[in-house]
Amino acid sequence: MAGPSVHGQKNKPHKAGRKAGLSARQKHKSTKEAGNGHRSSAKSLQGVAVSSKHQRQQITKHHRDVQREQALAEKRNPQPPRVVALLPLSQEVDVPRLWTQLVQASGVPALASEQGMNVDSGSDVPAMVPTLVKLPGQSRGMVQLLPPPADPKNPLTAVELARSAEVLLLVLPGGAKVTQVDEGGFSSLAVLRLMGLPALQVLVQGQPHASLKDRSAAKKRAQAAVASQIAGEHKVMAADTEADCQQVLRHLGETHPSLPLWRRQRPALHLDSAEPLFNTAVTSAQGTVAIRGYVRYLGLSVHQPMHIQGCGDFNIGRIEVADPPCSSGRQPTANEAQTMDMAGSGARLLAVADLAARQGVVRLNTPDPLAGEQTWPTNEELMEADARPSSEGSKRKRRLPKGMSDYQAAWITEEELGDLEESGSEGEKGDEELHERQGGDAQPVLGDLAMDGIANTAELEEDDDQTDDMQDSEAAGDQSFAEFKRQRRAEQDDVEFPDEIDTPTDTPARDRFARYRGLKSWRSSPWDAREGLPQEYANTFAFENFKRAHKRARAAAEGVGGPQDPQGPCPGSYVVVHLADVPATAALKLQQRVEASAQGLQPPLVAHGLLQHETKLSVLNFAVKKDANFSETLQNKAELLFVTGLRSFTARPVYSTDDPNVDKHKLERFLHDRRQCVGTIYGPIQYPPLPLLAFKITPDHPPQLALAGTLRSCDPDRVVLKKIVLSGYPVKVHKKKAVVRWMFHNPEDVRWFKPLELWTKYGRRGRIKEPIGTHGAMKCMFDGVVQQRDAVCASLFKRSYPVWPANLDFCS
């Protein structure tokens with residue numbers, strides 16, 4: 001059928017207005033007609049819509065030249081051996097055969113360091129240890145092969161691979177009736193996805209004399225199996241024969257691995273050896289430990305501390321440059337011989353730490369005991385205070401109980417005010433005791449309402465944590481089925497009736513909830529983040545501007561080896577780092593750990609250089625989400641093994657809602673499924689981006705992944721409020737009035753909580769008028785008609801803090 005133009009139809013042109021600009025076609029035409037006009041630089045055209053074909057070609061050429069310069073710089077500068085790890089995704093993979101073919105594919109014997117990284121000449125199968133292999137067809141290319149994990153079902157071994165491997169070889173079986181990815185493979189891939197995947201290479205291991213048809217079918221099956229777990233297209237290569245393995249090694253030499261950002265923004269050393277230089281037989285002794293390895297990713301400064309997993313944080317005494325293990329037989333030149341170390345170890349001294357410029361390992365803040373003291377008022381302030389009553393003398397000032405505001409007094413009559421004054425005078429002694437115990441201003445109940453009867457507040461708070469948070473002192477593996485059912489029932493009750501608790505009958509409510517207060521509005525009511533802090537907060541560090549501190553720390557780390565720190569070794573240097581003030585127990589543990597990794601018994605050990613302030617203690621906030629495969633209940637303040645990119649330590653997080661643009665966050669008693677929360681803990685300062693994996697440790701079972709997330713911020717001023725809801729039921733209703741029972745059990749509690757605002761589950765708002773009788777009944781007034789089936793509630797809030805860690809080393 002012909003268009004509208006055949007029938008003579010003419011549509012009206014669009015009226016763009018008098019201020020309309022040129023269309024895209026007119027702009028392109030005018031630019032083309034301009035010919036040899038002024039051409040903008042490619043740098044200025046980044047992020048701008050480019051319409052000229054010539055300009056697009058110039059930008060593409062500029063990007064190509066930059067990539068070529070980067071590739072040439074990598075070839076000119078010494079590069080460390082690329083770390084390649086084997087990860088079989090199924091038990092059907094013949095790992096010894098593949099390992100032998102990869103080692104023998106280089107054509108020369110494997111080169112290794114002194115700790116056993118070599119080929120066992122007494123057998124046909126090379127030793128399954130970290131091995132340096134020469135790339136075929138390259139004179140300087142080296143690859144360090146890491147053996148597969150000894151226990152594939154343990155997710156912590158996959159964590160170590162994510163910290164050390166630069167290229168990951170995913171090996172799948174080529175058979176048609178075998179399991180491509182088993183349970184251990186699924187677990188490893190899940191952990192690697194959460195930690196950040198390095199460069200991947202998929203290998204298919206089939207029969208050595210398989211036909212081309214069978215090899216093609218095996219590659220298609222492997223590609224489908226990997227695509228279901230990892231997004232994107234990945235090249236699949238065969239690993240059936242030694243010739244196939246040679247092709248794999250050539251491909252590894254040509255690839256440029258891309259690593260996660262959290263690994264590229266800190267220097268790292270893959271430890272080849274660790275040697276204590278003092279007598280470790282004395283357990284109380286401290287001394288120097290020399291560690292060897294290649295500097296990777298960024299330059300290493302002699303003034304920044306280092307973290308070694310399982311040992312702790314240490315300062316650097318000095319750094320020496322040594323010959324790499326692949327060229328240990330090379331004789332030093334005359335200039336190198338002059339700069340030899342006096343110890344005769346073959347290393348050249350590069351940098352010595354300056355005690356004044358060194359950051360140091362500082363964990364806790366030393367508070368000033370006089371920082372909270374009040375100064376004596378000045379004469380001007382005294383004169384203003386004397387003049388203030390005279391100006392307000394015309395107003396009759398009511399004598400209010402201690403801590404009561406004018407707003408609260410407006411709700412109370414003269415008779416009720418007299419009763420509160422009598423009860424307030426009895427509670428002054430308890431207020432003074434609490435003020436001395438907290439070391440500052442005590443948190444008032446209900447905003448500014450005074451507290452009464454709090455001599456046993458600490459005991460009640462301990463019962464509160466045990467009752468509401470349901471902390472279990474027993475290990476998870478020793479829990480009975482009845483205990484599991486109780487926790488599951490409590491989690492379901494928290495979903496159906498959030499924050500509701502029963503008012504105790506044996507304890508007055510004004511004593512049981514002495515530290516709670518009410519809020520008029522969750523959005524607009526203020527809550528001072530520095531009020532009533534625990535003593536532990538004085539030992540933490542806080543940032544004035546966290547983003548600015550992170551930017552400065554990254555700039556200082558990237559400047560090592562340049563004009564800012566010319567003495568620091570550049571990436572690719574093989575160095576000997578002398579760690580200072582290492583305890584004897586940590587030195588022995590470090591030595592045994594490196595020897596075990598060299599023998600292939602444990603994953604390789606990586607030492608990370610820390611950025612500025614990353615040894616100091618603060619309050620960390622992680623955005624977390626419960627793992628979909630974790631079926632157990634995850635309570636608030638339950639002990640978990642936190643694994644980040646740098647550290648592994650046990651913590652007891654406090655979960656809260658992840659609400660944007662608010663200054664208060666509600667505490668969550670359980671981490672529910674498919675709900676993102678924020679976990680708050682005490683921990684060393686760390687800069688994002690940084691992944692987080694939390695495992696639940698049970699005896700005689702492998703660690704189970706409980707939650708995962710990322711680092712959000714380091715902010716001690718983030719307010720987490722624990723909310724409780726006291727509920728009662730109307731027993732007599734007349735329009736807007738109602739008699740409510742079972743919220744309190746004595747008239748004194750009704751008078752004490754009279755300033756509270758009431759709300760019902762059907763949307764009514766009200767207040768308490770007066771108590772009735774001696775059993776806690778009260779008369780209430782609402783803003784609308786109350787139904788008999790409605791429930792009357794009152795909300796109370798208290799700030800919650802994380803649990804202080806039992807071990808401050810943070811190297812579990």
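Here is a short conversation about some terms used for this predicted model.

The model is predicted, with local features needing pLDDT of at least 70, side-chain atom pairs counting only at pLDDT 80 or more, and totals for chains, interfaces and linings using all residues. Residues are numbered from 1 along each chain as its sequence is written, and side-chain values use heavy atoms, leaving out hydrogens and water.

User: Why is Y801 called buried?

Analyst: Happy to explain! Buried means under 20% relative accessible area, exposed over 50%, and partly exposed in between (1.4 Å probe, protein chains only). Y801 has a relative accessible area of 16%, so Y801 is buried.

User: And why is Y729 called partly exposed?

Analyst: Y729 has a relative accessible area of 42%, so the label is partly exposed. Y729 lies in strand 24 (residues 719-734); strands are DSSP runs of E, at least two residues, numbered from the N terminus.

User: What makes the contact between Y801 and G532 a polar one?

Analyst: A polar contact is a pair of N or O atoms within 3.5 Å; within protein, one must be able to donate a hydrogen and the other to accept it, and residues adjacent in sequence count only if both atoms are side-chain atoms. The side chain of Y801 reaches the backbone oxygen of G532 at 3.3 Å.

User: How do you know that strand 1 and strand 3 pair?

Analyst: Two strands pair if DSSP finds at least two bridges between them. Strand 1 (residues 82-88) and strand 3 (residues 142-146) are joined by four bridges and run parallel. In this pairing, V84 stands opposite L145 of strand 3.
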